[in-house]
Amino acid sequence: MKYLNRLLPLLVLLFTALLLMLLCYSGKKHNDEMLKRHVLSLLEGSRVRLTETIKTRVLAIEALSEHLQGHLWKGDPIEEMREMFIMISDPVYRTFEGFQSINWVNRDGTIEWTYPLKGEYLVEAMAGDYSQEAIRKAEKYRSFSITPVIETAGNKPVVAVYYPVVDRKGQIKGYVDGVFEIKSLIDASVTDRLDVDFMVMQDGKVLFSSFSEPVEDGWSVNSNSSLINSSMAEDVVGISGLSLTLRMWPTERLIRLYRVTHRWQWPILIGLPFMALALSYAVYILQRHYAELKTKDRALRESEIKFRSLVEHSLAGVYLIQDGLFRYVNPRFCEVFGYNSPEEIIDKKGPLDLTRSSDWPVVEEIPGRRPDGHEGEVESINYVLKAVKANGEVFDIEVYGANTLFNGRPAVIGMLLDIADKKRLEEQLRQSQRLESIGLLAGGIAHDFNNILMAITGYASLLNMKLKDGVLRNHVDQILKASDRAANLTHGLLAFSRRQLLQPQPVYFGKIIRDFEKILRRVIPENIEFVIDLKDTRAVMVDQGQIEQVIINLATNARDAMSEGGKLIIETFEVAFDEAYIEKHSWVNKGGGFVCLSISDTGDGMAPAVKEHIFEPFFTTKGIGKGTGLGLSTVYGIIKQHNGFIHVYSEKGRGTTFKVYLPVTESEPLDVSHVSESPISGGSETILLAEDEDNVRETIKEALEEYGYTVFVARDGEEAMTLIHEKSGEIDLMILDVVMPKEGGKEVYEKAKGVGFRGKVIFISGYTINTIQNFILEEAINFLTKPFRPVTLVRKVREVLDSYEK
């Protein structure tokens, strides 16, 4: 133990000495490594500068070539471009150091023009295998080609660059050749001469060296040769056919600088304990920072995975554009444009390749224009254009985009949407809104017109009843017939605007057609083959009279389209529409079961421009006096009012097919047959008439009194209620206009029932609004549509009174 204690200081000393030796050795190794890194850093900087210097001159030759090629494409003969060649070569020659000659070389390799004009000794640089090989490469790849370093007769090493000039047909017309001296470029690239020596070699041969005396393979024989050799570094400068090896090693000055640094190691060793403490604290801080970075890196990777998953499964097409090419597209983008995989687009196609040529200006202009009109790049873009699918189909897309950076350079990222279906739906909505607006206008006009016709028809009917002269009666009959035709027009307008009163009942479509077949055959001439094929087995809820009007209108239209004869087919069958069918066929507005009425002809057909307007009131392609233009608008209104829809297929010269779809009903169908009119008879009952139009009110009052009735009249709802309170026990029947000032017919009827009125009521109106229609149908209340003849009203009054049991 005693010897051990004595040896302990020695062991500590040996351990400390060994530790110091290891520290000194590691310090020396560190200095050597730093020296080598210094040399490598200088080598990399020199390589980059030399490469960029050579590329700058290559780009200058490329610009001259493209300038000449642009004039060639405009039709300027190449033989007349010598003066222009000299003019544009002069600034390049003067601006870029090292150029010895700029030449125009024919396709066979002979020099045609040269600048400057004194450059004969450089012609030799254009000859030989190197130049011919460079010309062959330029011709093959249609891009620039550069020769290795060539020794000229004046022992001046140069490099030649060739760039082809191509005409519109893709034929090479010649080459722009730039010859520049390489040594001065190398001298300018290696800037740290005090720190390093260097040499440049080509194919193992030393072309340049910073030593004035010959050096063998870059080895320097001096006291520091081993350190120089261990710190030596080399790299290759390669551009097309030019390949130069750049080798560097440290100078004596740089080596001494690092050795001086080595002398300071002892003081550093003394301060090592303090440095160790500081280093330990620094390591602790770094460990904490590393843990935080690792957590952030994990979160970043998770975010990237989520973002990629979102983009890859997005319902919108996502893209990234840089340098005029798509650098990324997601699967939905490929699906929209009809490509099988992103590889068919990425790095191969740009926005213009997928855009219709007429919209190219939009694609080229909008990304560079700010929406506020100020200068600078736009931050985001949004526009609609016509795109082209892989199969050539043109469709509408909406594009969104924003500026971003990709690989450190500007790019545009965004998404696009296929809006073909949206545009189609918008057009259908506009068409529907236009028809709805026309319908509102038509309904309003019809209402006012019906009141006028009511007065004309009423007075003419009263006059007809009192006249004995046959000639005068004939004149009155003509007035009544004209009034009937006018009434039919207003009924058509009301049908189109869906303001007619319907009295639907469950019936078979086929039964209506069979009952109506005789009438149809009378309007179809013999030169038209008439075929009926009925396959419906389920009932529909319809107003039979209105549906008969639809059938006769469509059949007569088909007849008129076949003036030279043809074939008319009326069919019924059942269909069912599911969600998938509705999604693909926008004219179907709801699903479920339907009975279809199809009426087809082999006539002239319709052009698309005509088909677009066929359901508008007063639109007709028939000659003057041959049509009112209300036939199809009436059909359209009736079908819409029945909660159905109508579809038209027509081609010019190939006929037309109208298909009417009405929803099926589960109600038991009724056997509806036409009932003969009852004879006209009067009575002695008391009637309350409420009508705001003076002429209509006086006409009805006179007609009823003519047949023996007692009539009290009111100009509005308030007067009617006053009469009801005064004479409620005397009134057997009320005739009420639906729409009146102050209070309408429905309000009067409700109040009359509230004060004890138990008689009958007949509503009259020029049009029907939805609320009163539902009220009339639910309460089974009688209704007459204006205009009507007095005899029609008298017959209706007698029918209603006879059904009333006091």
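The legends below describe close-up views of a predicted model.

**Figure 1. Overview of the predicted protein model.** The protein has 806 residues, of which 42% count as buried. Its secondary structure comes to 22 helices and 27 strands. Of the contacts between residues at least 6 apart in sequence, 65% join residues at least 24 apart.

**Figure 2. The open sheet of 5 strands with the order E12-E11-E15-E14-E13.** Pairing in this sheet is antiparallel. Strand E12 (325-329) and strand E13 (380-388) each have a single partner strand and stand at the edges, so one side of each lacks a neighbour in the sheet. From one strand to the next, the twist averages 35 degrees. Strand E11, residues 317-322, pairs with E12 over 4 bridges in the antiparallel sense. In this pair, leucine 320 is placed opposite tyrosine 328 of E12. In a regular strand, side chains alternate between the two faces of the sheet.

**Figure 3. Asparagine 407 in the loop between strand E14 (394-406) and strand E15 (409-418).** The phi of asparagine 407 is positive, near 55 degrees, in a residue other than glycine. Most residues other than glycine have a negative phi. The relative accessibility of asparagine 407 is 66%; because the cut-off for exposed is over 50%, asparagine 407 counts as exposed.

**Figure 4. The hairpin of E1 and E2, and the cis peptide bond at proline 116.** Strand E1 (residues 99-105) and strand E2 (residues 111-115) are paired in the antiparallel sense, with 4 bridges. Isoleucine 102 faces tyrosine 115 of E2 across the pair. Between the two strands of the hairpin there are 5 residues, and glycine 109 in the turn has a positive phi of about 95 degrees. Tyrosine 115 is also one partner in the peptide bond to proline 116, which is cis, with omega near 0 degrees. Most peptide bonds are trans. Proline 116 lies in the loop that runs between E2 and helix H3 (128-141).

**Figure 5. The packing of helix H13 (residues 509-523) on helix H14 (residues 544-560).** The two axes come within 10 Å and cross at roughly 45 degrees. That angle makes H13 oblique to H14. The crossing of H13 past H14 is right-handed. From H13, the contact involves Phe509, Ile512, Ile513, Phe516, Leu520 and Val523. These meet Gln544, Ile547, Glu548, Ile551, Ile552, Ala555, Thr556 and Arg559 in H14. By class, the residues of this contact are 10 nonpolar, 2 polar and 2 charged.

**Figure 6. The packing of helix H19 (residues 717-727) on helix H20 (residues 745-754).** The axes are 10 Å apart, at an angle of about 20 degrees. Angles under 35 degrees count as roughly parallel, and H19 and H20 are therefore roughly parallel to each other. H19 passes H20 in a right-handed crossing. Gly717, Ala720, Met721 and Ile724 of H19 make contact with Val748, Lys751 and Ala752 of H20. The contact residues comprise 5 nonpolar, 1 polar and 1 charged.

**Figure 7. Lysine 742 in the loop between strand E25 (733-737) and H20.** Lysine 742, a residue other than glycine, has a positive phi near 70 degrees. Its relative accessible area is 61%, and lysine 742 is exposed.

**Figure 8. The surroundings of asparagine 589, in the loop between helix H15 (579-584) and strand E20 (592-601).** Asparagine 589 is partly exposed, at a relative accessible area of 47%. Apart from neighbours within four places in sequence, asparagine 589 has contacts with Lys640, Gly644 and Phe645. Asparagine 643 is 54 residues away from asparagine 589 in sequence, and their C-alpha atoms are 9.8 Å apart.

**Figure 9. The surroundings of isoleucine 764 in strand E26 (residues 760-765).** Isoleucine 764 has a relative accessible area of 0%; because buried means under 20%, isoleucine 764 counts as buried. Setting aside neighbours within four places in sequence, the contacts of isoleucine 764 are Glu691, Ile700, Ile735, Leu736, Asp737, Val738, Phe783, Leu784, Lys786 and Phe788. Alanine 690 is 74 residues from isoleucine 764 along the chain, with 9.7 Å between the two C-alpha atoms.

Key: Residues are numbered from 1 along each chain as its sequence is written. This is a predicted model: local features need pLDDT of at least 70, side-chain atom pairs count only at pLDDT 80 or more; totals for chains, interfaces and linings use all residues. Side-chain values use heavy atoms; hydrogens and water are left out. Two strands pair if DSSP finds at least two bridges between them. Axes are lines fitted to C-alpha atoms, for helices over the stretch in contact, and angles run from 0 to 180 degrees between N-to-C directions. Angles under 35 degrees count as roughly parallel, over 145 as roughly antiparallel, 65 to 115 as roughly perpendicular and the rest as oblique. A crossing is left-handed if the near helix is turned anticlockwise from the far one by less than a right angle, and right-handed if clockwise. Contact means heavy atoms within 4.5 Å. Ala, Val, Leu, Ile, Met, Phe, Trp, Tyr, Cys and Pro count as nonpolar, Asp, Glu, Lys and Arg as charged, and the others, Gly among them, as polar. Buried means under 20% relative accessible area, exposed over 50%, partly exposed in between (1.4 Å probe, protein chains only).
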